[in-house]
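User: Hey, can you walk me through this model? I'd like to know what stands out before I head back to the bench.

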Amino acid sequence: PVAFSYRSAPGLLPTDADVAGDRLFVLERRLSLLGGWQARIVTLPLAALPEQSGGIVDGEVLATIGGAVLGENYEALAVRQVADSYMLLVLSDDNFNGIQQTQMLELRWRP
């Protein structure tokens, strides 16, 4: 196995990742007092992963999720390749907290 580090955006931390086709997808999130919950989905080709341990990778931002309607504690990601596109499911959990919601977003990306 090859160990590598993932570079997320400042203030964001990865919460989940999935592989579909020849790509790695990463879900990142953060919570700020002024911005609320924010998440982003990043992808990179598997070919860009280091062949030896110690490398650092980052990727292309596909989506940024936040705001009053969609901002939530997203912590799960599932991706599948469908013909010429990718279907991404992003899930949040209310954690039995009255101010959070359980939500599922379905997104489609065509490279």
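Analyst: Sure, here is a walk through the sheets, the aromatic rings, a pocket and an odd loop residue. Keep in mind that this is a predicted model.

User: OK, sheets to begin with. In what order do the strands of the four-stranded one sit?

Analyst: The order is β2-β3-β4-β6, in an open sheet with antiparallel pairing. Its edge strands are β2 (13-20) and β6 (60-65), each pairing on one side only. On average, neighbouring strands in this sheet are turned by 20° against each other, ignoring direction.

User: How many bridges join β2 to β3?

Analyst: Seven, and the two strands run antiparallel, with β3 covering residues 23-32. If you want a spot to look at, Ala20 has Arg23 in β3 as its bridge partner.

User: And which strands make up the three-stranded sheet?

Analyst: That one is β7-β8-β9, again open and antiparallel. β7 and β9 are the edges, each with pairing on one side only. The average turn between neighbouring strands is 20° here, direction ignored. β7 and β8 pair over eight bridges, and Ala76 stands opposite Leu91 in β8.

User: Switching to aromatics. How many aromatic pairs are there in the whole structure?

Analyst: Three turn up in a search of the whole structure. Among them is Phe25 with Tyr86, a tilted pair at 5.2 Å centre to centre and 55° between the planes. Phe25 sits in strand β3 and Tyr86 in strand β8, so this pair ties together parts that are 61 residues apart in sequence.

User: Are Phe25 and Tyr86 buried or exposed?

Analyst: Both are buried. For Tyr86 the relative accessible area is 3%.

User: What about Tyr86 and Trp109, why is that pair stacked?

Analyst: The ring centres of Tyr86 and Trp109 are 5.6 Å apart and the planes are at 25°, so the pair counts as stacked; the cut-off for stacking is under 30 degrees. This pair also links distant parts of the chain, with Tyr86 in strand β8 and Trp109 in strand β9 (residues 104-109), 23 residues apart.

User: And is Trp109 buried or exposed?

Analyst: Buried, at 15% relative accessibility, because the cut-off is under 20%. Put together, Phe25, Tyr86 and Trp109 form one aromatic cluster.

User: Nice. Now pockets: what's the volume of the largest one?

Analyst: About 200 Å³. There are 14 residues lining the largest pocket, and those closest to its centre are Trp37, Gly71, Glu72, Ile99 and Gln100.

User: Which elements give two or more residues to that lining?

Analyst: β4 (36-45) and α1 (67-70) do. α1 gives the most, with three residues.

User: How does the lining divide into nonpolar, polar and charged?

Analyst: Five of the lining residues are nonpolar, eight are polar and one is charged.

User: Last one, the odd loop residue. What's up with the phi of Ala83?

Analyst: Ala83 has a positive phi, near 55°, though it isn't a glycine. Most residues other than glycine have a negative phi. Ala83 is found in the loop between β7 (74-82) and β8 (85-92).

User: Is Ala83 buried or exposed?

Analyst: Exposed, with 69% relative accessibility. The cut-off for exposed is over 50%.

User: So what should I pull up on screen?

Analyst: You could bring up the aromatic cluster of Phe25, Tyr86 and Trp109, then Ala83 in the loop between β7 and β8. After that, have a look at Trp37 and Gly71, two of the residues named as closest to the centre of the largest pocket.

Note on methods
Residues numbered from 1 in each chain as written. Predicted model: local features only at pLDDT ≥ 70, side-chain atom pairs only at ≥ 80, totals over all residues. Heavy atoms only, no water. Buried < 20%, exposed > 50% of the residue type's maximum accessible area, 1.4 Å probe, protein only. Pairing = 2+ DSSP bridges. Axes fitted to C-alpha atoms, helices over the stretch in contact; angles between N-to-C directions. 1 Å grid on protein atoms, 1.4 Å probe; cavity = no way out; pocket = protein on both sides within 12 Å on 5 of 7 lines; lining within 4 Å. Points joined across faces, edges and corners; volume = space filled by probe spheres on them. Nonpolar A, V, L, I, M, F, W, Y, C, P; charged D, E, K, R; others polar. Phe/Tyr/Trp six-rings, centres within 6.5 Å; stacked < 30°, edge-to-face > 60°.
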